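Hi everyone, thanks for making time today. I'd like to walk you through one structure, starting with the overall picture and then settling on a single helix and its neighbours.

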Amino acid sequence: MSEAPKKETLGLGVFGRRAGLTGLTNAEIIALALSALWLVAVTIFFFVIGARDDDAPADPLRGLMLIFAVFMPVALIWVAAMTASSARIVRDEASRLQLALDAMRQAYVAQQQAAGTSIKPSVEKKLDQIVAAQKQTGAALATFTSIRPGTTEIPARAISPVPAEAEDDEQGSLALATRDGQRQPISIEDFISALNFPETPEDTEGFRALRRAMQDRQSAQLVQASQDILTLLSQEGIYMDDMSPDRARPELWRRFAQGERGRPIAALGGIRDRSGIALTAARMRQDHIFRDAAHHFLRKFDHVFADFEKQATDSEIIQLADTRTARAFMLLGRVAGTFD
């Protein structure tokens, strides 16, 4: 069989007929019929009824009105016909386009199936990226996540244990764990260093401070809550090292420790990263585990910082405000409305 001739491309003619075709459309046939009927009616009117007014004086305005009265309905009829033809042509073109798109989609799917590959949606790719970031973060934190209160095992890269008596002789202490009466209080310097976490696997001083913090009950709870929330934030690609918060005065931190909340201390929420704030807010709304971890972290930070402020100098408060834990507090505090 010979191949059927291809259909000509549709286009608007003068009266909405298809380009390349000489036949009239239904709308044009109806328009012609109505126009002829109107012209016949007008002719009858002028020759039968209009003949009685032959003696009337000529009036230019009257003639102009007659012209409008005769040809305006004809023009409206053809405008309606052209509109109908155009609408039909647009519908035909839309149907053809839809059929072409369906054919292309089916051909693409068939090609992908033949090649043994699957189509990954953008959501699945995003999930893969999140899993990869989580694995990377887990590897980076593997050097200290095994440390828990009461655990005597220290990562191989950490410095060997230092006798508690020697540490207490060298540094001042922060009375954050005197209630249990089983551990010596941690020093302020070690407490601040622990909240910033070790910089690298070779940061022996950072691991020593982290070990001391994990032996203190309240410090360990805050460190654990901070570690959990930092890990969850990293799943969204949010890292505290990328944040550059505005510095707040030490007296604002002291007012916060003494219970003041809201706009008077809004400067504490120095994180201005819009992307980080938006991602955190979305995760807070959608993930109840993340939301519970965030509120638990904020409560622990509030409680422990209130004890810390009583003994810390202004410079030590500034140092703590520059830690990763404090930056996480600024970010989550803005999202949770602590500074509103």
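Let me begin with helix α5, and with one of its crossings: where α5 passes α10, the crossing is left-handed. Before I go on, please keep in mind that this is a predicted model.

Now let's step back to the whole protein. How many helices and strands are there? The protein has 12 helices and 0 strands, so the pattern along the sequence is simply α-α-α-α-α-α-α-α-α-α-α-α. Of its 340 residues, 36% count as buried. The accessible surface is about 20,800 Å², and carbon and sulfur atoms own 58% of that. If you like contact maps, here is a number for you: among contacts with a separation of 6 or more, 72% are between residues 24 or more positions apart.

Back to α5, which covers residues 188-196. Is this helix enclosed or open? It is largely enclosed by the rest of the structure, because 7 of its 9 residues are buried. The buried ones are Ile-188, Asp-190, Phe-191, Ile-192, Ala-194, Leu-195 and Asn-196. What covers them? The cover includes α6 (204-214), α7 (217-234), α10, α11 (314-321) and α12 (324-336). I'll take three of these neighbours in turn, namely α10, α6 and α7.

First, α10, which spans residues 288-311. Its axis and that of α5 come within 12 Å and cross at roughly 140°. That angle makes α5 and α10 oblique to each other. On the α5 side of the contact we have Ile-188, Phe-191 and Ile-192, and they meet Val-304, Phe-308 and Gln-311 in α10. Sorted by class, this contact has 5 nonpolar residues, 1 polar and no charged ones.

While we're on α10, have a look at Glu-309, which sits in that helix. Is Glu-309 buried or exposed? Its relative accessible area is 9%, so Glu-309 is buried. Setting aside neighbours within four places in sequence, Glu-309 is in contact with Arg-254, Ala-257, Gln-258 and Ile-317.

Next comes α6. The axes of α5 and α6 come within 8 Å and cross at roughly 105°, and these two helices are therefore roughly perpendicular to each other. From α5, the contact is made by Asp-190, Ser-193 and Ala-194, and from α6 by Glu-205, Gly-206, Arg-208, Ala-209, Leu-210, Arg-212 and Ala-213. By class, the residues of this contact divide into 4 nonpolar, 2 polar and 4 charged.

The third neighbour is α7. How do α5 and α7 run relative to each other? Their axes come within 9 Å and cross at roughly 20°, so the two helices are roughly parallel. In this case α5 passes α7 in a right-handed crossing. The residues that meet are Phe-191, Ala-194 and Leu-195 in α5 and Ser-219, Leu-222 and Val-223 in α7. The class count for the contact of α5 with α7 is 5 nonpolar, 1 polar and no charged residues.

If you are following along on the model, Phe-191 is worth selecting: Phe-191 takes part in the contact with α10, and Phe-191 also takes part in the contact with α7. Likewise, Ala-194 appears in the contact with α6 and in the contact with α7.

What about the exposed side? Glu-189 is found in α5, and at a relative accessible area of 55% Glu-189 is exposed. Glu-189 and Glu-316 are 127 residues apart in sequence, yet their C-alpha atoms are 8.2 Å apart in space.

One last stop, just after α5. Phe-197 lies in the loop between α5 and α6. Most residues other than glycine have a negative phi. Phe-197 is not a glycine, and still its phi is positive, at about 65°. Is Phe-197 buried or exposed? Phe-197 counts as buried, because its relative accessibility is 6% and the cut-off for buried is under 20%.

To wrap up: α5 is oblique to α10, roughly perpendicular to α6 and roughly parallel to α7. Thanks for listening, and I'm happy to take questions.

How values were computed:
Residues numbered from 1 in each chain as written. Predicted model: local features only at pLDDT ≥ 70, side-chain atom pairs only at ≥ 80, totals over all residues. Heavy atoms only, no water. Axes fitted to C-alpha atoms, helices over the stretch in contact; angles between N-to-C directions. Helix = DSSP H or I, 4+ residues; strand = E, 2+ residues; numbered from the N terminus. Parallel < 35°, antiparallel > 145°, perpendicular 65-115°, else oblique. Left-handed = near helix turned anticlockwise from the far one by under 90°. Contact = heavy atoms within 4.5 Å. Nonpolar A, V, L, I, M, F, W, Y, C, P; charged D, E, K, R; others polar. Buried < 20%, exposed > 50% of the residue type's maximum accessible area, 1.4 Å probe, protein only. Areas by Shrake-Rupley, 256 points an atom, 1.4 Å probe, with all protein chains shown as cover.
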